[in-house]
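Student: Could you walk me through this structure with a few questions and answers? I am new to it.

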Amino acid sequence: MNICVVGLQWGDEGKGKVVDILAEHSDIVVRYSGGSNAGHTVVVDPDLIGTSRDSGSTVPDKIGGKFALHLLPSGVVRPNVSCIITNAVVVDPEVLLNEIEAIAKRGIELKGRLFISENAHVVLDYHKMEDQLREESLGKNKIGTTIRGIGPCYADKAGRSHAVRIGDLRNLQQLKEKLQTTVNYKNKVFTAVYPQEALRLNSKPISANDIFEKCKFYADKFLPFIIDTTEFLHNSIKDGKSILFEGAQGTLLDLDHGTFPYVTSSNSSSLGMPAGCGVPAKYVDKFIGVVKAYTTRVGAGPFPTEQDNEIGQYIRDKGHEYGTTTGRPRRCGWFDAVAVSYSIKIGGIDEIALMHLDTLAGIKEVKICTQYAIRNTHNEVTKWFPSNIEILSNVEPVYETLPGWDEDITEVRDFRKLPSNAQNYISWIEKLTGIPVTIIGVGPKRSQTIFRKKRA
Ligand code: GDP
Ligand code: IMO
Ligand code: MG
């Protein structure tokens, strides 16, 4: 069974946890888009170490606790799973190396089971500098990026002439020449376009030689992992392996289908999966969309159900809503069924994994946005998520108000044992979105999950 897991909101829905859970029944986990802007958290309960399918293998005792992953696929904690980073991921070698080393210290071996596409593009220092300079130059119009160099790296990919790919690490002489031309160009542009910003940020011209020396070092470390991942995946399909495709970011951050320009620079909906790894969507048996039981967003951009008030603060505190990558406080608000229904349509989603249900406990009345009233027109309402950002920024959410629940549900493992108001809340989400909620998160740990369907 091949499954694609994708976020249906603005990222941080809990994809890492869902992928880690489903990886128990997978042979391969594939990261197919984004870069180190992603932060995917996996929390393994110490008492679960060595259970289930892992029990026959030599799982080291140290594999427990929390893992904050940026580039490594979230299947990495499962020792039998191969982890693939494919062509459309933009790889910051420094971040990846740190992750590989940190995980090795916890006893997780990656040799022979981590593979990186030779066609993946490389994020270099000048991409991160450009991201920062550009954000600084935008003042109040900032996108609020993660400053991880994502946009500039994807721009170089589309522009082609300055792009550096992982496979280029194999030919250092040629790479040296390319870096000289590229760095020369970047320095000229930065000096001409961002002189004030460079001064404010105290950023210095980049040295092509320094970047080349780093690349030489990375080449040494990464060469054993570099392959043609498309060929690997098609051979795996032929061999009947179970593949889990792991989305990064969320559908509403998709470059083409999200809330442009407040999006990331890749196709982060499930539509990015085929191009992102060279496997057609027809090989995916199930698309699972991950949502939170409410909504969060990091960075700028419209957010119709945002609660910039004590409700938002309650959710932020209770759900520990601070970014995994940047530590920024996440903006919090009610569940938006208009936005999620749109993401379901765009992504061909079959089932919902609803995370953080536990976080809503203690709120007297919970709200779900069922449609938008469009301001400036005569009583017009819509159930379709508007593609026009001006319209979206001005909609008024129309809510269904439901009774909340007080009980702590973090130890519940059976849907029927949830408070009836929590069950009712889920039924509403199913009714409004038209698809079943099959996985429910009641806490960050792997074990804090309710399954409404048997998975094999
Ligand atoms: P991702 O980017 O979609 O993988 O999500 P993140 O890892 O950035 O953010 C999700 C956060 O919520 C992480 O800190 C998870 O450990 C945590 N989490 C995931 N599922 C649940 C849940 O059901 N309940 C609670 N309380 N925390 C959860
Ligand atoms: P995961 O995979 C939440 C947001 C940034 C910013 C916008 C553009 O953990 O869900 P970028 O650095 O990509 O140019 O920033 O996208 N963003 C995310 N928000 N979760 C993420 O990843 C994100 N990756 C990017 O906050 O608003
Ligand atoms: Mg995240």
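Tutor: Gladly! A polar contact here is a pair of N or O atoms within 3.5 Å. Keep in mind that this is a predicted model.

Student: Let me try that cut-off on ligand 2. How far is a polar side-chain atom of Thr-146 from an oxygen atom of ligand 2?

Tutor: The pair joins a polar side-chain atom of Thr-146 to an oxygen atom of ligand 2. A polar contact needs N or O atoms within 3.5 Å, and this pair lies at 2.6 Å.

Student: Which residue offers a polar backbone atom 2.8 Å from an oxygen atom of ligand 2?

Tutor: Thr-146 uses a side-chain atom, so to speak of the backbone we turn elsewhere, since a polar contact is any pair of N or O atoms within 3.5 Å. A backbone N or O atom of Gly-144 lies 3.5 Å from an oxygen atom of ligand 2. The 2.8 Å distance belongs to a polar backbone atom of Gln-249.

Student: How much of the accessible area of ligand 2 does the protein cover?

Tutor: On its own, ligand 2 has 550 Å² of accessible area. Around it are 20 residues, and Lys-15, His-40, Thr-146, Gln-249 and Thr-264 are the closest. By class, the shell has seven nonpolar, 10 polar and three charged residues. The share covered by the protein is 98%.

Student: Now for ligand 1. Which residues come nearest to it?

Tutor: The shell around ligand 1 has four nonpolar, 10 polar and six charged residues. Two elements, helix 1 (15-22) and strand 3 (40-44), each supply at least two residues of that shell. Of the 20 residues around ligand 1, the nearest are Lys-15, Gly-39, Thr-41, His-356 and Asp-358.

Student: Which residue has a polar side-chain atom 2.7 Å from a nitrogen atom of ligand 1?

Tutor: Let us set the backbone contacts aside. An oxygen atom of ligand 1 lies 2.7 Å from a polar backbone atom of Gly-39, and another contact pairs a ligand oxygen with a backbone N or O atom of Glu-13 at 3.1 Å. The contact to a nitrogen atom of ligand 1 comes from the side chain of Asp-358.

Student: And how much of the accessible area of ligand 1 does the protein cover?

Tutor: Taken on its own, ligand 1 has 580 Å² of accessible area. The part of this that the protein covers is 93%.

Student: Let us move on to cysteines. Why does Cys-153 form no disulfide with Cys-215?

Tutor: A disulfide needs two cysteine sulfur atoms within 2.5 Å. Cys-153 is buried, with 2% relative accessible area. Its closest cysteine sulfur, in Cys-215, is too far for a bond, because the distance is 12 Å.

Student: How many disulfides does a search of the whole structure find?

Tutor: Cys-277 is a second case to look at: the nearest cysteine sulfur, that of Cys-4, is 8.3 Å away. Cys-277 counts as buried, at 0% relative accessibility. Across the whole structure, the number of disulfides found is zero.

Student: What about charged pairs? Which residue forms a salt bridge with Asp-12?

Tutor: Side chains of opposite charge can pair when their charged atoms come close. The structure holds 21 salt bridges. In one of them, the closest N and O atoms are 3.0 Å apart, and the partner of Asp-12 is Arg-330.

Student: How many residues apart are Arg-330 and Asp-12?

Tutor: Arg-330 is in the loop between helix 10 (310-318) and strand 13 (331-333), while Asp-12 is in the loop between strand 1 (3-7) and helix 1. Arg-330 is buried at 7% relative accessible area, whereas Asp-12 is partly exposed at 22%. The pair links distant parts of the chain, and the separation in residues is 318.

Student: Lys-186 also forms a salt bridge. Which helix does Lys-186 lie in?

Tutor: The partner of Lys-186 is Asp-156, with the closest N and O atoms 2.9 Å apart. Both are buried: Lys-186 has 5% relative accessibility and Asp-156 has 10%. Asp-156 lies in helix 4, so the pair ties together parts 30 residues apart in sequence, and Lys-186 lies in helix 5.

Terms used
Residues numbered from 1 in each chain as written. Chains lettered and ligands numbered in written order. Predicted model: local features only at pLDDT ≥ 70, side-chain atom pairs only at ≥ 80, totals over all residues. Heavy atoms only, no water. Near = heavy atom within 4 Å. Polar contact = N/O pair within 3.5 Å; in protein donor to acceptor, adjacent residues only side chain to side chain. Areas by Shrake-Rupley, 256 points an atom, 1.4 Å probe, with all protein chains shown as cover. Helix = DSSP H or I, 4+ residues; strand = E, 2+ residues; numbered from the N terminus. Nonpolar A, V, L, I, M, F, W, Y, C, P; charged D, E, K, R; others polar. Buried < 20%, exposed > 50% of the residue type's maximum accessible area, 1.4 Å probe, protein only. Salt bridge = Lys/Arg side-chain N within 4 Å of Asp/Glu carboxyl O.
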